Amino acid sequence: MTKFFKLTLISCLSLLMLNGCFWTKEATKTRHDSHSTQTETDSSDKEVTVSARQPQNQEQKKIPVFILLGPPGCGKGTQAQIITTEHNIPQISTGNILRAAIKRETPLGLKVKSITDRGLLVPDDIIINLVKERIAQSDCKNGFLLDGFPRTIAQAKALSNTNIPVNHVIEIAVPDETIIERISGRCIHPASGRTYHICNNPPKRAGTDDITGEPLIHREDDQQETVKQRLAVYHEQTQPLLSYYQQMSQQADNRLCFNTISGVGPIEEIAETVLKILSQEKNV
Ligand code: AMP
């Protein structure tokens, strides 16, 4: 009998000790998880490095990623400046990046100059790499706005493959005739990409940039024939993106919102509509 009690007592004590070890391990693991450290206790109690794990609330944090779509001259650049100032995020304009490369005569600039001058699209692989590199930079970690990208289904798919969730795609719709009339009066500050129009959005002093006072230029590819070519390219290669994103926005588990707005009218009124749309979120 005494021997039986002794044996039971020893078994109970062993069980309690084992349990203690288990809870100590679990507590260590939980502490590490809740502090989101880069270490985790493995079965041999050695500290091992694992890939950085975001805490749940950060994973769920909605980072603004916006896309502006629309034909050349629809006002994407102007609206992009207003939105990026309001949301404090960088504007990524592939057109501006390419123009800067052309101006500095970098290998990229030399490669794409004749393509952009003719109003054609730069090959997808070049643009996709360029955007991937740009959005990997630290200023994009809290969101960004894409202006002029994507322009083909292949570019949209490449963006989607990065797994960066896009919140809003806004199409700024403007009829072709209005575009042709608009672009003929458009001038640009090459260093910043700020755009003006001699009638609709004139600079404070004719021919000079409001902020720097530097001279404005008329873009090479804003000549009427080139604009017609760019519009044809838009209808053929970029317009299919409208239904691509519309369908994506209809998926119940996708947080993307797709909207079309008219780009005809006073800039401030269009901006008001755009900012209102961007303040709304789809619950998924
Ligand atoms: P933008 O200022 O956005 O109108 O762009 C000017 C020119 O740069 C276009 O006509 C194209 O030749 C080229 N470009 C800009 N973005 C892209 C893009 N996403 N894909 C291909 N070509 C582009």
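## Exercises on a predicted protein–ligand model

Of the 284 residues in the protein chain, 26% count as buried. The model is a predicted one, so let's begin with confidence before turning to the details.

**Exercise 1. Find out how far the predictor trusts this chain, and where pLDDT stays under 50.**

Solution. Start with the whole chain: its mean pLDDT is 82, and 79% of its residues reach 70 or more. Next, look along the sequence: over residues 7-60 the pLDDT stays under 50. Finally, check what the model does with residues 7-60: they have 21 contacts beyond four places in sequence.

**Exercise 2. Describe the fold in terms of its elements and its contacts.**

Solution. Count the elements to begin with: the protein chain has 11 helices and nine strands. Then take the contacts between residues at least 6 apart in sequence; 68% of these join residues at least 24 apart.

**Exercise 3. Work out which residues come nearest to the ligand, and which helix gives the largest share of the shell.**

Solution. Step one is the shell itself: 17 residues lie around the ligand, and Thr94, Gly95, Leu121, Val122 and Gly148 come nearest. Step two is to sort the shell by class, which gives eight nonpolar, six polar and three charged residues. Step three is to assign residues to helices: H4 (94-104) and H5 (107-117) each supply at least two. The largest share, three residues, belongs to H4.

**Exercise 4. Follow helix H4: which of its residues are buried, and what covers them?**

Solution. The buried residues of H4 are Thr94, Gly95, Asn96, Ile97, Leu98, Arg99 and Ile102. Thr94 and Gly95 also appear among the residues nearest to the ligand. Now look at the cover over the buried residues of H4, which includes strand E4 (91-93), helix H5 and helix H6 (124-135). Just past the helix comes Glu105, with a positive phi near 55°.

**Exercise 5. Place strand E5 among its neighbours and say which way its side chains point.**

Solution. Take the pairings one by one. Strand E3 (residues 65-69) runs parallel to E5 and is joined to it by four bridges; here Leu68 has Asp147 as its bridge partner. Strand E4 is also parallel to E5, with three bridges between them, and Gln91 stands opposite Leu145. Now for the side chains of E5 (residues 144-147): Phe144 and Leu146 point one way, Leu145 and Asp147 the other. In a regular strand, side chains alternate between the two faces of the sheet. Both pairs in E5 are buried.

Key:
Residues numbered from 1 in each chain as written. Predicted model: local features only at pLDDT ≥ 70, side-chain atom pairs only at ≥ 80, totals over all residues. Buried ≥ 20, exposed ≤ 12 C-beta atoms within 10 Å, placed from the backbone. Contact = placed C-beta atoms within 7 Å. pLDDT = per-residue confidence, 0-100. Near = placed C-beta within 6 Å. Nonpolar A, V, L, I, M, F, W, Y, C, P; charged D, E, K, R; others polar. Pairing = 2+ DSSP bridges.
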